[in-house]
Amino acid sequence: MSYELGEENKKVSYTRYSTPSAYRESGAFLPKKLMYPKIYLYRLSPYMGCPKRCVYCFELHNSWINPDEVKIKTNTVEFVRDKISKQKQRDVILLDGYDCERAEIKEELIRNSLKVILEYRMPLLIQTKSDLVLRDIDILKQLNEKTNFLHVAFSITDLNHSHHQMFEAYTCAPENRLKAMKTISNAGISTGIHLMPVLPYISDTQEELERLFDKASKNGCQYIIYNPLRVAGSGPQRKKWFDTLREYFPSLVKKYEKLYPYEKDAYKFGHVPRDSTYLKELSKKIAILGKKYGIDNNINISRPKIDKDKKSITSKKQKSLSNFM
Ligand code: SF4
């Protein structure tokens with residue numbers, strides 16, 4: 001299966017280490033719709049850091065890596081096997097790391113972990129900006145037959161080529177993510193869009209949102225969940241975001257300073273726009289578009305395909321799935 005990938009970021013250097021963080025209980029920041037309803041309970045991350053260096057990303061605040069470093073967790077597959085084989089519940093795993101495209105092509109930590117996940121029929125949610133996921137469609141098809149929770153979610157900000165170059169130039173082009181989505185959907189696997197981050201006054205216009213929903217509906221997208229841009233009150237993520245804004249959208253700087261006021265020593269994961277009217281209007285706009293294009297605004301877990309072979313694990317899994325609601 002062919003894939004396009006994003007442009008290679010040659011500034012990034014790779015180091016290798018062994019760590020239990022490759023597979024862990026969830027806890028890191030993710031959008032409300034994934035965190036609070038406990039969509040997933042475990043997180044599989046074979047890499048620390050990311051070569052894509054999107055300007056809004058909070059990886060800049062990751063003190064465990066040097067700037068421009070990505071760490072390869074060499075023990076991932078053995079560790080995943082050890083942990084999963086001892087797990088009593090079939091709880092959903094969130095898998096990220098496809099965005100470390102070149103490292104993953106060499107190391108195959110995700111591919112080999114997927115083989116373990118398939119062996120144990122674990123429910124899985126994949127989140128990525130890369131079409132490298134297509135490399136593993138053979139395993140995903142098999143997993144889809146054995147578990148009743150498999151979703152492949154593509155993170156997309158919008159479909160505007162200039163915005164892609166300004167904010168996430170090293171990522172796989174959004175139109176290629178849509179193509180990958182269509183292939184995943186045609187394989188019978190549930191797929192959707194994590195519309196995040198929504199960039200106020202940039203990617204939230206009626207024109208951009210309408211184009212995204214329209215294309216999404218034609219490429220097999222079942223659901224779109226969204227999260228507005230978060231900006232830290234201070235620190236490197238804020239600096240990088242505002243530097244980029246000054247370069248490309250100087251007229252928006254004042255508006256953004258209102259939405260994201262400066263706060264001393266406020267690094268962590270930032271905050272969404274401090275404007276409830278803005279947030280309500282965005283939510284309304286997205287709900288209307290969802291209805292218009294027949295796209296859910298939630299990951300739909302009510303359409304499991306159950307066959308006789310997997311009934312033995314379904315009862316356990318349904319127990320854990322009920323936690324989602
Ligand atoms: S692809 Fe995701 S993790 Fe990587 S830099 Fe961009 S936002 Fe951050």
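On the side of helix H8 turned away from its buried face, Gln206, Glu207 and Lys218 are exposed in this predicted model. The opposite character belongs to Leu209, Leu212, Phe213 and Ala216, the buried residues of H8. Viewed down the helix axis, these buried residues fall within an arc of 95°, so they line one face of H8. A general property of the fold helps to read such a pattern: an α-helix has 3.6 residues a turn, so residues three or four places apart point the same way. The cover over the buried residues of H8 includes strand S8 (150-156), strand S9 (190-198), strand S10 (223-228) and helix H11. H8 itself comprises 13 residues, 206-218, and its first and last C-alpha atoms are 18 Å apart, close to the 18 Å expected at 1.5 Å a residue. Just after H8 comes glycine 220, with a positive phi of about 85°.

Helix H9 can be read in a similar way. Its 13 residues (236-248) should span 18 Å at 1.5 Å a residue, and the 18 Å between its end C-alpha atoms agrees with this. Within H9, the buried residues are Gln237, Arg238, Trp241 and Leu245. Because they fall within an arc of 100° when seen down the axis, they line one face of the helix. That buried set, which includes Gln237 and Arg238 as well as Trp241 and Leu245, packs against helix H10 (253-259). On the other side of H9 are Lys239, Asp243, Arg246 and Glu247, which are exposed.

Beyond H10, the chain passes through a loop on the way to helix H11 (276-293), and arginine 274 lies in this loop. Is arginine 274 buried or exposed? With 11 other C-beta atoms within 10 Å, arginine 274 is exposed, because a count of 12 or fewer places a residue in that class. Leaving aside residues up to four places away in sequence, arginine 274 touches Leu259 and Pro261. Its C-alpha atom is separated by 9.8 Å from that of tyrosine 256, and the two residues are 18 residues apart along the chain.

Turning to the strands, three of them form an open sheet of mixed pairing, in the order S1-S5-S4. Strand S1 (13-17) and strand S4 (47-48) stand at the edges with a single partner strand each, so one side of each has no neighbour in the sheet. S4 and strand S5 (residues 69-73) run antiparallel and are joined by two bridges. Tyrosine 47 has isoleucine 72 of S5 as its bridge partner.

The ligand has a shell made up of Cys50, Lys52, Arg53, Cys54, Cys57, Glu59, Asp99, Lys129, Glu168 and Thr171. Sorted by class, this shell holds six charged residues, three nonpolar ones and one polar one.

For the protein taken as a whole, the model contains 12 helices and 10 strands. Of its 325 residues, 42% count as buried. How far apart in sequence are the residues that come into contact? Among contacts between residues at least 6 apart in sequence, 81% join residues at least 24 apart.

Definitions and conventions
Residues numbered from 1 in each chain as written. Predicted model: local features only at pLDDT ≥ 70, side-chain atom pairs only at ≥ 80, totals over all residues. Helix = DSSP H or I, 4+ residues; strand = E, 2+ residues; numbered from the N terminus. Expected span 1.5 Å × (residues − 1). Buried ≥ 20, exposed ≤ 12 C-beta atoms within 10 Å, placed from the backbone. Arc of directions from axis to C-beta. Contact = placed C-beta atoms within 7 Å. Near = placed C-beta within 6 Å. Nonpolar A, V, L, I, M, F, W, Y, C, P; charged D, E, K, R; others polar. Pairing = 2+ DSSP bridges.
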